[in-house]
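Biologist: Please take me through one part of this structure at close range. I would like the sheet and the helices that pack on it.

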Amino acid sequence: MAKRSEHKGGAADQPRGETDDDSTPVDQVPATGSWFSTSADTDPAGPTGRGGRPRRRNPDLHEEGRPAGGRPTGGRPTGGRPTGRLADQMRRADDRPRRDDRPSRDDRPHRDNRPRRDDRPSRDDRPSRDDRPRRDDRSGYEDRPRREDGAHRQASATAEKPLRGAGLRLAEVDEVEVTIEKLISGGDGIARFEGIPLFIPRSAPGDKLRVRITERKPSFGRAEIVSILQPGPGRREAPCLHYERCGGCQLQHLEEAQQLRFKAQAARDNLERLGGIEMPPKVHVVAGDPWGYRMRAQWQLGDTPHGRRVGYFARGSHDLVAVDQCPVLAPELQQHLTEIQAMAPEISHRRLDACVGDDDAWAVSPSVPGLPREAVRFQVGDFTYSFDAGCFFQAHRRLVEELVVQALGGAELADAEGVAYDLYSGVGLFSLPLARRYGRVVAVEGGREASRYGRRNAQLNKLGNVECINQAVDSWLAKLPADAARVLVDPPRVGLTALIRRALLDQRPRRLTYVSCDSATLARDLKILKSAYRIVSLSLLDMFPQTGHLEAVVQLERNDLGGE
């Protein structure tokens with residue numbers, strides 16, 4: 001530390017390698033010395049600079065600091081002048097003009113000698129826009145390739161232009177002839193044009209059609225039927241007069257047996273292709289009455305050229321299709337549709353939900369003066385359910401009981417001491433029968449009215465082991481315990497959220513029942529859940545005849561149970 005403080009001294013503390021004897025030869029100066037002078041004799045400004053640090057001066061740049069003996073008083077290292085980058089910097093510094101050599105202000109050109117603005121060429125002397133070469137006058141313009149006419153462009157598109165997507169190829173055509181391969185989930189038929197999938201509503205497998213392209217996407221397209229060149233097997237004339245425009249049904253042009261077969265195959269395709277699911281050896285398929293089955297409906301009201309009417313949205317739009325007769329409605333509901341149609345000018349609502357129950361009871365929501373609003377009751381097996389038109393309840397009045405049977409599964413799933421969790425429980429359709437098999441049931445439902453009816457239904461059926469929780473399922477998940485006896489989920493069409501899937505993987509209930517109305521989202525969820533669960537059984541129920549939708553019930557058990 002003493003040596004370090006010595007090097008920070010002023011003129012009295014000279015660095016090592018300096019000497020007061022100017023006659024000492026340069027080659028005897030210690031190699032560790034500094035060749036920068038710190039002596040007050042070579043720096044008129046004093047021995048130290050800013051901050052108390054020694055001023056360092058380059059003797060080669062400051063000749064006034066070199067003594068008569070030719071050696072800087074501050075010393076220099078053995079070997080003479082510096083080399084490398086420092087030497088280059090010194091040479092560049094030597095080449096710079098000194099301040100005294102710069103021209104004085106008097107020798108610089110005066111402002112008055114500069115060209116004035118008035119001496120510049122005027123705008124009138126500049127070339128005008130009209131004198132510039134026109135686009136047609138540019139060299140080689142006529143030799144450039146021009147865009148082909150429509151017919152030639154369509155013929156040369158695939159030969160000369162690189163293809164960069166289905167949308168580009170479909171842009172070259174308006175109408176094509178195709179053959180329908182199969183139906184997909186939702187009811188559209190699928191065909192291919194030059195390998196590009198085309199989705200065509202109101203088509204049937206085996207149809208040979210001429211279709212018009214209506215939508216072009218990078219990997220697929222959509223089209224509508226221009227003419228049926230040759231009908232496929234099972235095609236028929238739709239029984240409903242409004243079918244061509246109404247968006248309520250998608251498959252009335254197919255016989256019922258064909259509908260169910262094609263929809264079941266579409267569901268299997270989704271589960272295998274999208275979910276990578278290995279299907280169980282046997283899939284239970286259940287059909288119900290194809291007509292007059294709907295005990296619930298959602299009607300739209302709007303103004304038409306014939307006044308305010310009641311009906312359904314048109315296919316693919318929000319245009320109103322006024323409907324007087326709907327063959328899928330339950331007879332009681334059809335009768336009430338006729339009544340509401342007559343009252344339409346007096347109803348200000350834009351949408352009206354309606355439902356029927358037992359004993360000719362019916363209700364609408366929201367309230368309309370002169371129409372019933374109170375709850376209806378409906379018997380399913382041994383249980384009575386109360387609900388109003390604003391609550392969700394299964395639509396097929398004759399298949400609801402079979403759906404409950406498939407969701408509960410066999411008696412081997414019962415656990416009198418265990419707790420079952422019914423997520424998206426609604427008004428308690430599955431909660432009540434689960435309460436007969438488990439010691440306790442926790443029913444979680446986000447809808448306030450539905451949860452209220454679920455609590456009322458548990459009391460109505462004298463079931464004291466059902467706890468109804470009105471809370472969004474995602475926010476309740478933190479309370480789901482690990483290793484629960486059973487969890488049943490009946491989500492909306494969008495399927496389970498990522499948070500719910502993660503909770504099921506983390507908490508791992510011993511058994512899981514998944515009730516789904518969309519096989520595509522079901523396949524997505526099962527693809528993730530299959531790492532922890534295996535499929536025990538799969539049932540498909542045609543809860544929505546004449547439409548492209550199918551209800552699925554999947555029974556799963558945790559992988560480590562080993563089929564016990």
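**Confidence, then the sheet**

Modeller: This is a predicted model, so confidence comes first. Residues 1-52 have pLDDT under 50 throughout, and the model gives them 75 contacts beyond four places in sequence. Residues 127-163 are also below 50, with 19 contacts beyond near neighbours in sequence. Over the protein chain, the mean pLDDT is 80, and 70% of residues reach 70 or more.

Now the sheet. It is open and has 8 strands, ordered β7-β20-β21-β19-β18-β15-β16-β17, with mixed pairing. β7 (283-286) and β17 (466-470) are the edge strands; each has a single partner, so one side of each lacks a neighbour in the sheet. From one strand to the next, the twist averages 15°.

Inside that order, β15 (residues 415-423) pairs with β18. Their sense is parallel, over 4 bridges. One residue pair to look at is D422 with its bridge partner in β18, L488.

Next, the helices. α7 (residues 400-408) lies across β7, β18, β19, β20 and β21 (551-558). The angle between α7 and β21 is about 15°.

α11 covers residues 498-507. Its buried residues are I500, R501, A503, L504 and L505. They pack against three strands, β18 (486-489), β19 (511-516) and β20 (533-541), and against the helices α10 (473-476) and α12 (519-529). Residues three or four places apart in an α-helix point the same way, because a turn takes 3.6 residues. After α11 comes R508, with a positive phi near 50°.

Note on methods: Residues are numbered from 1 along each chain as its sequence is written. This is a predicted model: local features need pLDDT of at least 70, side-chain atom pairs count only at pLDDT 80 or more; totals for chains, interfaces and linings use all residues. Side-chain values use heavy atoms; hydrogens and water are left out. Buried means under 20% relative accessible area, exposed over 50%, partly exposed in between (1.4 Å probe, protein chains only). Helices (H or I, at least four residues) and strands (E, at least two) are DSSP runs, numbered from the N terminus. Contact means heavy atoms within 4.5 Å. Two strands pair if DSSP finds at least two bridges between them. Axes are lines fitted to C-alpha atoms, for helices over the stretch in contact, and angles run from 0 to 180 degrees between N-to-C directions. pLDDT is the predictor's confidence in each residue, from 0 to 100.
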